[in-house]
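Student: I am new to this structure and would like a close look at a single part. Could you walk me through one helix and what lies around it?

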Amino acid sequence: MAPSAVEVETPVVPDISALKLQALSGPYKELAATKFDADAEAGLKGHKAAKHPAYLPTWDRNEKYAPLEPFEHTEHGKDADLSFPNLLPQGVASVVDLTPTIGTEVRGVQLSTLSNAGKNELARFVAQRKVVAFRDQDFAELSIEKALEYGSYFGRHHIHPTSGAPAGFPEIHVVHRGAGDDSVDRYFANRTSSVAWHSDVSYEQQPPGTTFLYILDKPETGGDTLFVDAVEAYNRLSPAFQQRLHGLKATHSAVEQANASLSRGGIKRREPVINEHPIIRTHPATGEKAIYVNPQFTRDIVGLKKEESDAILKFLYDHLGFGGDFQARVKWQEGTVVVWDNRVTQHSALVDWKNGQRRHLARITPQAERPFETPFEG
Ligand SMILES: [Fe+2]
């Protein structure tokens, strides 16, 4: 049986860079679900059957892909009508902000019916609000083909190098903790928290932008997702420190994640990559600047000595992680589609339920532009 995947990326191999990162970032993710139990997913062994079996994860060891090629990203958020008449029609959409800077809950609109103008507004609204929970959606009821066709408007689909995917649809990143999975007990025998902040696959040369995650099966309670506003985190820094960060780049590595997958008997669809990105990146539609380093994938600040790099990264990780006053917590409900902008946020799953109930989600992950920075403005 192949191991399952969780939405947090999970490098677990204790190699040198992992140990270094552990020292840096405190909680270090080792929470990959243990195994996929087909009987439990089928409704045997006293468990409820998976509600969306077409989305159950599979792992094909023979599936190998060439390195990703650069592509030209179109940022549709630039073309949006900023009054959002198609996405949030007055009198139809209910829009409630979760916090002043990050997080909005929307009801009354159906994402699957949006015109291209509405999709442009979606990209921009999500860039501005960082993460938006759309309730009562029919997304999980669409065919997988339709869901992917929808997502392709926002960028080239990312195929994850190690995660499980529905048979025949490697573009879907499946998040799955199966019914009866008790790996959480072993995890908490040695760890105090399951929080692991990250921006998805930041090691790619063109990491994701507008990103969709929709719920298929959920525990009665628990398994919420945390988000942090990396723009507000940047804005909270002193001008002197902001200025110091500008012009610096950091390395982001896929190596540990690939090693971890192989060590669990999992797959490696592509050879892992290491890319350098600016520590402060600018959003192409809003022009906002965001901190773009995360403890899962970032390794070193280019050109600094180890102690200097470690100190600055640790400060930034602590700043993002402790910033409860620029974070939002999304509670999943049946029919929820969460859309976030991976360029200006980080997130963490929470593995806080212990009753063995299934948690199953699907992610559509369009890639965006190569991260760039614009000059410090004071
Ligand atoms: Fe993630």
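Tutor: Let's begin with what is buried in helix H3: Gly118, Lys119, Asn120, Glu121, Leu122, Ala123, Arg124, Phe125, Val126, Ala127, Gln128 and Arg129. Here "buried" means that 20 or more other C-beta atoms, placed from the backbone, lie within 10 Å of a residue's own (12 or fewer is exposed, and in between is partly exposed). H3 is thus mostly covered, with twelve of its 14 residues buried.

A word on the source: this is a predicted model, where local features need pLDDT of at least 70 and side-chain atom pairs count only at pLDDT 80 or more, while totals for chains, interfaces and linings use all residues. Residues are numbered from 1 along each chain as its sequence is written.

Helices (H or I, at least four residues) and strands (E, at least two) are DSSP runs, numbered from the N terminus. H3 covers residues 116-129, and its end C-alpha atoms are 20 Å apart, in agreement with the 20 Å expected at 1.5 Å a residue; that expected span is 1.5 Å times one less than the number of residues.

What covers the buried residues includes strands S2 (104-107), S3 (131-134), S5 (210-217) and S13 (337-341). After H3 comes lysine 130, with a positive phi near 75°.

Two of those strands also pair: S2 and S3 run parallel over three bridges, where pairing takes at least two DSSP bridges. Threonine 104 has valine 132 in S3 as its bridge partner. Together, S2, H3 and S3 form a right-handed β-α-β unit: with the strands pointing away from the viewer, the path from the first strand over the helix to the second runs clockwise.

Conventions: Contact = placed C-beta atoms within 7 Å.
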